[in-house]
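Please open the model in your viewer and keep the selection tool at hand. We will go from stop to stop, with a note on what to select and what is there.

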Amino acid sequence: MNRFKPIKKRIISKEVEQRLRQSILDGFYSPGDRLPSERELVEQFKVSRVTVREALKNLEAKGLIVVKRGMSGGAYVSELKPVPIIENFRNLTNMGKVNFAHLMHARLYIEPHTAKVAACIRTDEDIANLTAMLEEAERYVNYSPRKARLLCTSFHCEVAKILQNPIIDFICESITENYSSVIIEMSQAKLDKNGILNLINEHRHILDSIIQKKSDIAYERTKNHLIKWYYMYSQMFPHADNKKIEKCIMLS
């Protein structure tokens, strides 16, 4: 039985895109499901292969599907990820509209609060995941400092995931992804092994407060940690400083 009816108006690719999108949003296709093949979609919609490919391309750009090649190729429904938000933030950064001070300010609004709530509701599994992440970061220090720092930054995203709020997850990942790309590349030669170990140690202190369910301490340690590193990076890159944003950071 055909899922889709032929399209009569020549809106074409946008109409195909919209109908496929709605089927995904309605749950007819779930994450991991394979959409009908290009040939099947051409038959069901009664449109050209070019039109179908354009619709699939647009859905992939929006993060709703991933198109795979090869023997098991086809269009598969994606787990929703903040890719479009990340790309928009990256464009703002590349255009000079956003610098690391803006990103840090945004992190200060979000991450201390997520740590505070996480300390109240965390599970043993959450603690095991966070502990494993920091242990892995420590193992990477000697042979991949960049990987160690990426894991440290991702630590805050993992804390946010404890809240099980997809909006907070998406925002944290979007900000953190861009923060990492801006800061880690800029400071790669300026932060030695001891500096990275110190960073990991500060995350352990935050984790300890979450383990002990000391929510106010988790908040303060996260806040102080972020402010400390903001000022350290400000000294490394004074040209990226933003006095107005710095005032906001001091008031956070």
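Begin with helix α2, residues 38-45, and add α1 (13-25) and α3 (49-61), against which the buried residues of α2 pack. Those buried residues are Leu41, Val42, Gln44 and Phe45. Here buried means under 20% relative accessible area, exposed means over 50%, and partly exposed lies in between, with a 1.4 Å probe and protein chains only. Helices are DSSP runs of H or I with at least four residues, strands are runs of E with at least two, and both are numbered from the N terminus. Just past the end of α2, click on lysine 46, which has a positive phi of about 60 degrees.

A word on the source: this is a predicted model, in which local features need pLDDT of at least 70 and side-chain atom pairs count only at pLDDT 80 or more, while totals for chains, interfaces and linings use all residues. Residues are numbered from 1 along each chain as its sequence is written, and side-chain values use heavy atoms, with hydrogens and water left out.

**Serine 23**

Stay with helix α1 and select serine 23. Is this serine 23 buried or exposed? Serine 23 is buried, at a relative accessible area of 3%. Now display its contacts, meaning heavy atoms within 4.5 Å. Setting aside neighbours within four places in sequence, serine 23 touches Arg3, Phe4, Phe28 and Tyr29.

**From α2 to α3 by a salt bridge**

Next, show glutamate 38 and arginine 53 as sticks; they form a salt bridge whose closest N and O atoms are 2.9 Å apart. The pair links distant parts of the chain, with glutamate 38 in helix α2 and arginine 53 in helix α3, 15 residues apart. A salt bridge here is a side-chain nitrogen of Lys or Arg within 4 Å of a carboxyl oxygen of Asp or Glu. Both partners are partly exposed: glutamate 38 has a relative accessible area of 22%, and arginine 53 has 46%. While you are in this mode, select Lys14, Glu17 and Lys62, which a network of salt bridges links together. The whole structure holds eleven salt bridges.

**The hairpin**

Move on to strand β1 (residues 65-68), which pairs with β2 in the antiparallel sense over four bridges. Two strands count as paired if DSSP finds at least two bridges between them. Put valine 67 in view and look across to β2, where alanine 75 stands opposite. The two strands make a hairpin with five residues between them, and glycine 70 in the turn shows a positive phi of about 95 degrees.

Which faces of strand β2 (residues 74-77) are covered? Both are: Gly74 and Tyr76 are buried on one side, and Ala75 and Val77 are buried on the other.

**Two more salt bridges, both reaching α9**

Select glutamate 138 and arginine 204, a salt bridge with its closest N and O atoms 2.6 Å apart. Glutamate 138 lies in helix α6 (residues 124-140) and arginine 204 in helix α9 (residues 193-211), so this pair ties together parts 66 residues apart in sequence. Glutamate 138 is partly exposed at 38% relative accessibility, and arginine 204 is partly exposed at 24%.

Then take lysine 228 and glutamate 202, whose closest N and O atoms are 2.4 Å apart in their salt bridge. Since lysine 228 is in helix α10 (residues 215-236) and glutamate 202 is in helix α9, the pair ties together parts 26 residues apart in sequence. Lysine 228 is partly exposed, with a relative accessible area of 34%, whereas glutamate 202 counts as buried at 13%.

**The cores**

Select Phe155, Val159, Ile210 and Tyr233, which touch the most other members of the largest nonpolar core, a set of 37 residues. Such a core consists of buried Ala, Val, Leu, Ile, Met, Phe, Trp, Tyr and Cys residues joined through side-chain atoms within 4.5 Å. Colour α5 (100-121), α6, α7 (145-161), α8 (166-187), α9 and α10 to see the elements that each give two or more residues to this core. The largest share, eight residues, comes from α5. Apart from this core lies another, of 19 residues, including Ile12, Leu59, Ile65 and Val77.

**Zooming out**

Finally, show the full chain, with its eleven helices and two strands. Of its 252 residues, 44% count as buried.
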